[in-house]
Amino acid sequence: MKKNLAKKVTLSILAGAVLMSSSVVWAADILVDEKVYWTNTSSDEYVRNETNNPDGIVPVDTYSPSIFYGAYDASADVSGGKVTINSCTTIEGGVYGGYSNDGNANENKVTISGSNVGYVYGGYSENKDANGNIVTITDGKFELVCGGGNYSKTGSANENIVTITDAEADYVCGGCAEGAGSANKNIVTISGGAVGNVYGGIAEGAGSANDNIVNIAGEPNLGYLYGGGSYSGVSSGNVLNIGYDEGVDDVVGGIDVDERKIWTNGGAVDAIEGFQTINFKNLHWEDGKSVIKVNGSAFLAGTTIGNISV
């Protein structure tokens, strides 16, 4: 794995929250129909009110700079956090389905449609695991979208799911483990839109980055595709699916069969790396056209071309 690329992603993922939170301002609670939907903390940061706002709905408005937490705890585990943003909302800060300093941030959810947000995490933990989180994005613009991330020495970022449909993002990552933890079995699905860099799973230390899946369909503009990589650990079983396998919902992030977009010939990416298997599924075949074009580098030593269906 290229260390400069991994470092760039880490800085983008981890430094973003620090930079944003350092510029926050005081604000009041967010009220809807005279009920507190979001409780303001010590700065322009908001925690979901579980009683009045169980789904974590953010009112349509512009928040600058702001951070929204579906669930937050400085020391305990957080799970079941939800943030839902629909249409025209601009958040120049970030969104966390669940955030904990010293606890796990597992099984949280973020759903965003037609909105612009700085950075998004399904779950984030400073010192433990961020597993099983789900992020679903439709339309809008984003700097970073990450299913699960942590900044700990041992915490893992496993089994997170990120689905991007017709949206623009600089970085998309299924799971990122900064320390010695693993980044395994994450799923990233891109259908349309434009994404600069796509990572299934990244383990920045000695942890493994195994069995991550990246699904690509429709006509997205893509930069760098990376399946799974570890600085000093094992990286195996990572899969790139170009086109969708109908009837396998769990592999493609739960998108309904009728809503899937077939990969069209001539799709181009800047680079491909970190995949042990590449499958081509339900392609729209046209004579004289390439199925996929790599404008830059393709590091495919040891990569197996698996299923091919048209």
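User: Why does Tyr99 count as buried or exposed in this predicted model?

Analyst: The model is a predicted one. Tyr99 has a relative accessibility of 10%; buried means under 20%, so Tyr99 counts as buried.

User: What makes Tyr72 buried, exposed or partly exposed?

Analyst: The relative accessible area of Tyr72 is 37%. Because the range between 20% and 50% is called partly exposed, Tyr72 is assigned to that class.

User: How many aromatic pairs does the structure hold, and why is the one formed by Tyr72 and Tyr99 called stacked?

Analyst: There are 17 aromatic pairs in the structure. For Tyr72 and Tyr99, the rings are 5.6 Å apart centre to centre, with 10° between the planes. Centres within 6.5 Å make a pair, and planes under 30 degrees apart count as stacked, so both criteria are met.

User: Why is this pair said to tie together parts that are apart in sequence?

Analyst: Tyr72 belongs to strand β6 (residues 72-73), whereas Tyr99 belongs to strand β8 (residues 90-100); the pair therefore ties together parts that are 27 residues apart in sequence.

User: What makes the pair of Tyr121 and Tyr124 edge-to-face?

Analyst: Tyr121 and Tyr124 show 5.1 Å centre to centre and 65° between the planes. Since an angle over 60 degrees counts as edge-to-face, the pair takes that name. Both Tyr121 and Tyr124 are buried.

User: Which residues do ring pairs link into a cluster?

Analyst: The cluster linked by ring pairs consists of Tyr69, Tyr72, Tyr96, Tyr99, Tyr119, Tyr121 and Tyr124.

Definitions and conventions. Residues numbered from 1 in each chain as written. Predicted model: local features only at pLDDT ≥ 70, side-chain atom pairs only at ≥ 80, totals over all residues. Heavy atoms only, no water. Phe/Tyr/Trp six-rings, centres within 6.5 Å; stacked < 30°, edge-to-face > 60°. Helix = DSSP H or I, 4+ residues; strand = E, 2+ residues; numbered from the N terminus. Buried < 20%, exposed > 50% of the residue type's maximum accessible area, 1.4 Å probe, protein only.
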